[in-house]
Amino acid sequence: MSKAKLVILDCWVSPFCMRVKIALNEKGLEYEAQAEDLFGGKSELLLSSNPIYKKVPVFLHDGKPLCESTIIVNYIDETWSSPPLLPPCSYGRAQARFWADFIDKKVFDACGNIWRSKGEVPVEAKKEFIEILKQLEEALGDKEYFIGTTFGFVDIILIPLTSWFFAVEKIGGFTVEAECPKFSNWMKRCLQRESVAKVVPPSEKVYEAVLMFRKMQGID
């Protein structure tokens, strides 16, 4: 049986691309990351592989494209079963998917409400962001990871988004560590994993990119 050709159409600063790369790393799979120039002109491969959204990541498994990061991480877990990213019982899997859905609906938009603010960041935007993190902190409880003692699906969906938190903290004038210490400890624990550390860029570099995005959008 020949080895599968795995390609991700990638952007280094996209937390959604990071999810896919972390999942592939956790499975010990070799893949090629093809960088996309999202501002200078998207590749024909990206436009033909994701004609609906025209966004990264796109995951190509032997040339067959898949879009949307949470769907891709699910696919990777189902296709390469070891080590499993989801709990063995159906209830545990459903709970993990609930929190992944919560993260997808809430976290990045709440980040955007802060870093896209013109002038002083509204108190409401900061309050909403911190409240979301507190809800996640409560779900984490005293566990090492969201599923328990094992790094898994929910951690993979959430940890890349935290690469933007330093930028949000700088622009918003607060720290996650002061507001949500348990959540902050979970972040540090995840970032020490090899599968995560070799994917998630330095937070200062992301902050520089966010400042560039602000200029491009006429905020600064």
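## The loop before strand 3

Pro-57 sits in the loop between helix 2 (44-49) and strand 3. In this predicted model, the peptide bond from Val-56 to Pro-57 is cis, with omega near 0 degrees.

Lys-54 belongs to the loop between helix 2 and strand 3 as well. Its phi is positive, about 55 degrees, although Lys-54 is not a glycine. Lys-54 counts as partly exposed because its relative accessible area is 37%.

## Other unusual backbone spots

Most residues other than glycine have a negative phi, and most peptide bonds are trans. Two further places depart from that pattern. Asp-62 has a positive phi near 50 degrees and is not glycine. This residue lies in the loop between strand 3 and strand 4.

A cis peptide bond also joins Ser-82 and Pro-83, with omega at about -10 degrees. Pro-83 is found in the loop between helix 3 and helix 4.

## Helix 3 and its cover

Helix 3 spans residues 69-79. Its buried residues are Ser-69, Thr-70, Ile-72, Val-73, Asn-74, Ile-76 and Asp-77.

What covers them? Helices and strands both contribute. The cover includes helix 1 (15-26), helix 4 (90-115) and helix 6 (153-158). It also includes strand 3 (58-61) and strand 4 (64-67).

## Cysteines

How many disulfides does a search of the whole structure find? Zero. A disulfide is a covalent bond between the sulfur atoms of two cysteines. For Cys-67, the closest cysteine sulfur is in Cys-17, 11 Å away, so the two are too far apart for a bond. Cys-111 is in no disulfide either; the nearest cysteine sulfur, that of Cys-180, lies 12 Å away.

Are Cys-67 and Cys-111 buried or exposed? Cys-67 is buried, with a relative accessible area of 18%. Cys-111 counts as buried too, because its relative accessibility is 0%.

## The chain as a whole

The chain has 11 helices and four strands. Its C-alpha atoms fill a box of roughly 55 × 45 × 30 Å along the principal axes. A compact globule of 220 residues would have a radius of gyration near 17 Å; the chain has 17 Å, so the two agree. Of contacts between residues at least 6 apart in sequence, 69% join residues at least 24 apart.

Buried residues account for 48% of the 220. The accessible surface is about 11,300 Å², and carbon and sulfur atoms hold 53% of it. The chain carries 28 positive and 30 negative charges, whose mean positions are 1 Å apart.

Note on methods: Residues are numbered from 1 along each chain as its sequence is written. This is a predicted model: local features need pLDDT of at least 70, side-chain atom pairs count only at pLDDT 80 or more; totals for chains, interfaces and linings use all residues. Side-chain values use heavy atoms; hydrogens and water are left out. Helices (H or I, at least four residues) and strands (E, at least two) are DSSP runs, numbered from the N terminus. The radius of gyration is taken over C-alpha atoms; the globule rule is 2.2 Å times the number of residues to the power 0.38. Buried means under 20% relative accessible area, exposed over 50%, partly exposed in between (1.4 Å probe, protein chains only). Contact means heavy atoms within 4.5 Å. Accessible areas come from the Shrake-Rupley method with a 1.4 Å probe; for residues, only the protein chains shown count as cover. Lys and Arg count as positive and Asp and Glu as negative; His and the chain ends are not counted. The place of a charge is taken as NZ of Lys, CZ of Arg, CG of Asp or CD of Glu. A disulfide is a pair of cysteine sulfur atoms within 2.5 Å.
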